[in-house]
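Here are my notes on this model, set out as numbered points. Keep the structure open and find each residue as you read.

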Amino acid sequence: MRPKVLAGNWKMHKTQQEAVAFLQEFLGKLVDTPSDREIVLCVPYTCLSVLSKSLHGTRVKLGAQNVHWADQGAFTGEISPPMLVELGVRYVIIGHSERRQYFGETDATVNQRLKAAQSHGLTPILCVGETKAQRDAGETENHIFQQLALDLVDVDQSNLVIAYEPIWAIGTGDTCEETEANRVIGLIRSKLQNPDVPIQYGGSVNANNIDAIMAQPEIDGVLVGGASLQPESFGRIVNYKPL
Ligand SMILES: O=C[C@H](O)COP(=O)(O)O
């Protein structure tokens, strides 16, 4: 049985004070959450230290939103794997489409980041997905297969989560039909050496569509942006009800 991984990606939202206030309310919503679910909060670097302390002794795992491949060095603005490990970080998002689109991440640097994260015991959440133009041109499968082929070179598939995030569904309210997300995720799985890699769906997941998404057999969890910012909506997401 593949684990269910429900991760929030706060992107560039929340000060430390706001993060602590979120957590106080959110933890209260986990009292009856089934134990088969892994709950992760991927927060801004500036919130890691305070949340590391606040999450101690809870079931919520701490995640970051990117990591450099070197342990240290002259890389202004970057954060290394040992820096994350020291703060109790367990997961790290790598290759999010916003990093690829706005900050020049390539499949080659994504691959380097994945291997470095794993070599320090971090579990990467690798994001892949197509643009609207690629989907309209019938290029979805080829694009994703190419991302996987380049990103996963020499990557350990026993310590990996993949998130299928169609770019046109991110932050738009235009959620990918759950059966279509299930289809693409099945295709992603067919390209993996390890069929037990948990594969998430991401893109306008919310409290209203989570039950239908999680009812799909290939979908092992979700990567949630906007709806992870409020304790109420993210609480409902982690407490999804299997249909
Ligand atoms: O990492 C999360 C995704 O980019 C989805 O964001 P969203 O839930 O706001 O659409």
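1. Start at strand 7. There, Gln200 is the bridge partner of Ala163. Ile199 plays that part for Ile162. Three bridges in total join strand 6 (residues 161-164) to strand 7 (residues 199-202), and the two strands run parallel. Remember that this is a predicted model.

2. Now look at which way the residues of strand 7 point. Ile199 and Tyr201 point one way, while Gln200 and Gly202 point the other way. Buried or exposed? All four are buried. The background rule is simple: in a regular strand the side chains alternate between the two faces of the sheet.

3. Step back to the whole sheet. Eight strands close into a barrel. Their order is 1-2-3-4-5-6-7-8, and the pairing is parallel. From one strand to the next, the twist averages 25°. Helix 2 (residues 45-55) packs on this sheet, where it touches strand 2 (37-42) and strand 3 (60-64). The direction of helix 2 makes about 165° with that of strand 3. As general background, strands of a sheet pair through backbone hydrogen bonds, either parallel or antiparallel.

4. Move to strand 4 (residues 91-94). Two bridges join strand 3 to strand 4, and these run parallel. One pairing to find is Ala64 with its bridge partner Val92 in strand 4. Both faces of strand 4 are covered. Tyr91 and Ile93 lie on one side, Val92 and Ile94 on the other, and all are buried.

5. Val92 deserves a second look. The largest nonpolar core has 63 residues. Which of them touch the most other members? They are Val92, Ile125, Tyr164 and Ile237. Leaving aside neighbours within four places in sequence, Val92 is in contact with Gly63, Ala64, Asn66, Val67, Leu84, Ala117, Leu122 and Pro124. So Ala64 appears twice for Val92: as a bridge partner and in the list of contacts.

6. Strand 1 holds Leu6. Why is Leu6 called buried? Because 25 other C-beta atoms lie within 10 Å. Leu6 and Arg37 are 31 residues apart in sequence, yet 7.1 Å apart in space, C-alpha to C-alpha. Arg37 is also one of the contacts of Leu6, once neighbours within four places in sequence are left aside. The others are Glu38, Ile39, Gly221, Val222, Ile237 and Val238.

7. Next, a helix residue. Ile144 sits in helix 7 (residues 140-151). Ile144 counts as buried because it has 22 C-beta neighbours inside 10 Å. Beyond neighbours within four places in sequence, Ile144 is in contact with Val128, Gly129, Glu130, Val184 and Ile188. Try a distance too. From Ile144 to Val238 is 94 residues in sequence and 27 Å in space, C-alpha to C-alpha.

8. Please check two backbone angles. Most residues other than glycine have a negative phi. Lys14 has a positive phi of about 85°, although it is not a glycine. Asp154 is not a glycine either, and has a positive phi of about 60°. Where are they? Lys14 is in the loop between strand 1 (4-9) and helix 1 (16-27). Asp154 is in the loop between helix 7 and strand 6.

9. Compare how these residues are surrounded. Lys14 counts as partly exposed because it has 18 C-beta neighbours inside 10 Å. Asp154 has 8 other C-beta atoms within 10 Å, so it is exposed.

10. One more loop residue is Glu78. It lies between strand 3 and helix 3 (81-86). With 14 other C-beta atoms within 10 Å, Glu78 is partly exposed. Glu78 and His68 are ten residues apart in sequence and 6.1 Å apart in space, C-alpha to C-alpha.

11. Finish at the ligand. How many residues surround it? There are 14. The closest are Asn9, Ile170, Gly202, Gly225 and Gly226. Gly202 is a residue you have already met, in strand 7. By class, the shell around the ligand has five nonpolar, eight polar and one charged residues.

Key: Residues are numbered from 1 along each chain as its sequence is written. This is a predicted model: local features need pLDDT of at least 70, side-chain atom pairs count only at pLDDT 80 or more; totals for chains, interfaces and linings use all residues. Two strands pair if DSSP finds at least two bridges between them. Axes are lines fitted to C-alpha atoms, for helices over the stretch in contact, and angles run from 0 to 180 degrees between N-to-C directions. Two residues are in contact if their C-beta atoms, placed from the backbone, lie within 7 Å. A nonpolar core is a set of buried Ala, Val, Leu, Ile, Met, Phe, Trp, Tyr and Cys residues joined through C-beta atoms within 7 Å. A residue is buried if 20 or more other C-beta atoms lie within 10 Å of its own, exposed if 12 or fewer, and partly exposed in between; C-beta atoms are placed from the backbone. A residue is near a molecule or strand if its C-beta atom, placed from the backbone, lies within 6 Å of it. Ala, Val, Leu, Ile, Met, Phe, Trp, Tyr, Cys and Pro count as nonpolar, Asp, Glu, Lys and Arg as charged, and the others, Gly among them, as polar.
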